[in-house]
Amino acid sequence: MKIYEMTNEERIKLLLDGGYLTAEQAESLRSRQTISTDLANSLSENQIGSFSLPYGFATDFLVNGVDYLVPMVIEEPSVIAAASNAAKRVKNSGGFKTFSSSKVVYGQIVLENLSSADIELLESKDSEIFEFAKEAHPSLIKRGGGIVSLKFNHYDKFLELELGIDTVDAMGANMVNTILEKTAHKVSELVNGDVLCSILSNSGLGQVVTVEAEINFSQLATKTMSGDEVAQRIVKLSKFSQVSVKRVVTHNKGIMNGIDAVYLATGNDFRAEEAAAHSFAFESGQYQPFSEWYIKDDKLIGTLKMPIELGSVGGAISALPMAQLSLAIMKIKDSTQLQSVVGAVGLANNLSAMRALVTTGIQAGHMGLQSKSLAVSAGATGKEIDQVAKILNQTKNYTIKNAQNILMQLRGK
Ligand code: NDP
């Protein structure tokens, strides 16, 4: 029997028989099933269980005048704490403001082997193709979306029909691909060329979101540094990230820490977002930061500008109960609202990282929290976790060996 034809239990048995799993591990796999096998098998293939990650929420997000608790799924210590910490500083200064460009997904129908006469013919039939594409997904039009643009782009031997599609509240990949394939079929009936492929573009250029935060200097001060000084150092670091590729990659990774965590919590496609975000960062030909910090009128101003390619309905978002729960916690009504919250989380994580980097350094907060996960990895349970973590923080020797030694001492061994 082929693996994809087996039940989950048969696949687990296969792994057991092959020595890939012990009986204990197989039992652990069975008992940790957090979504139904039917749902798992409908979303993905060769299922044997579900993989859990920590699920928490960030606090104090005031975005466009609305308060949010933001569910996040992430295995990295300090990301949720950092998001909440910065969100509070921004909230105390008036909150985040966001601006969306549009909710357009671009799709490509790529044709080859067309004669000049065929190309001319296709271009003359642009209104007909546009109308056909519009009708290819009638429910989208009823929802207020649909085709918004059609362009012909010439690339050497290829002709590309670029369709812009407003997918309303859906991320839209499946919808757009359906429209493109139907339209490609129609196009292939009009001319003698070959359709090489029809697929959405993950560029995200039709979904660029801008987020702004103005932070009072008083919100930035540390025990040893004034808010003014912290702000000036953040601005310098922001400038450095514009000229150092090695730095900007990490700058942007810190932003994605928060963004990906909300994507996971809401069942959104984080691979699509990663692709969109990083290609946008390279738009100018040099990889650039998603955010920029400067000082104006005694305030530190942060702006984040990047594509935020997501949905609040459809795909796994509608299928996964935990994704639905996350949207309910945030009281999300539409995809534009979710884009705003996600953008605010990205900028918050960025502010926290920048502030830590130019003051105490990242390790002070990061390793303080990482120490708990080290303690658990060393075998600590219950109260031992905090005890081991505390001693790890005192020794500042964050190794698994040290955690194990501390645990043995605590247990009197
Ligand atoms: P769906 O295929 O689920 O389509 C969206 C659904 O949402 C439709 O059934 C639509 O109904 C319904 N819907 C309900 N309310 C609304 C609303 N207000 N606005 C819009 N639609 C609404 O999902 P998507 O097309 O969004 O595709 C997303 C999935 O595609 C993700 O899982 C992604 O991982 C995957 N994917 C990604 C690719 C990529 O990024 N390159 C490639 C291929 C797939 P109705 O039809 O009645 O309008």
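Q: What makes the pair formed by an oxygen atom of the ligand and the side chain of Ser139 a polar contact?
A: A polar contact is a pair of N or O atoms within 3.5 Å; within protein, one must be able to donate a hydrogen and the other to accept it, and residues adjacent in sequence count only if both atoms are side-chain atoms. In this predicted model, the ligand oxygen is 2.8 Å from an N or O atom in the Ser139 side chain, so the pair meets the distance limit.

The model is predicted: local features need pLDDT of at least 70, side-chain atom pairs count only at pLDDT 80 or more, and totals for chains, interfaces and linings use all residues. Residues are numbered from 1 along each chain as its sequence is written, and side-chain values use heavy atoms, with hydrogens and water left out.

Q: Which backbone atom of Gly315 lies 2.8 Å from an oxygen atom of the ligand?
A: A backbone N or O atom of Gly315 does. For Asn174, a polar backbone atom is 3.1 Å from a ligand oxygen.

Q: Which residues are the closest of those that surround the ligand?
A: They are Ser139, Arg143, Gly172, Asp269 and Gly315, out of 21 surrounding residues; a residue is near if one of its heavy atoms lies within 4 Å.

Q: Why does the ligand lie between domain 2 and domain 3?
A: Domain 2 (55-101 + 209-360) and domain 3 (104-200) both give residues to its shell, so the ligand lies between them. The bounds come from an automatic or database domain assignment.

Q: How many nonpolar, polar and charged residues does the shell around the ligand have?
A: There are eight nonpolar, nine polar and four charged residues. Ala, Val, Leu, Ile, Met, Phe, Trp, Tyr, Cys and Pro count as nonpolar, Asp, Glu, Lys and Arg as charged, and the others, Gly among them, as polar.
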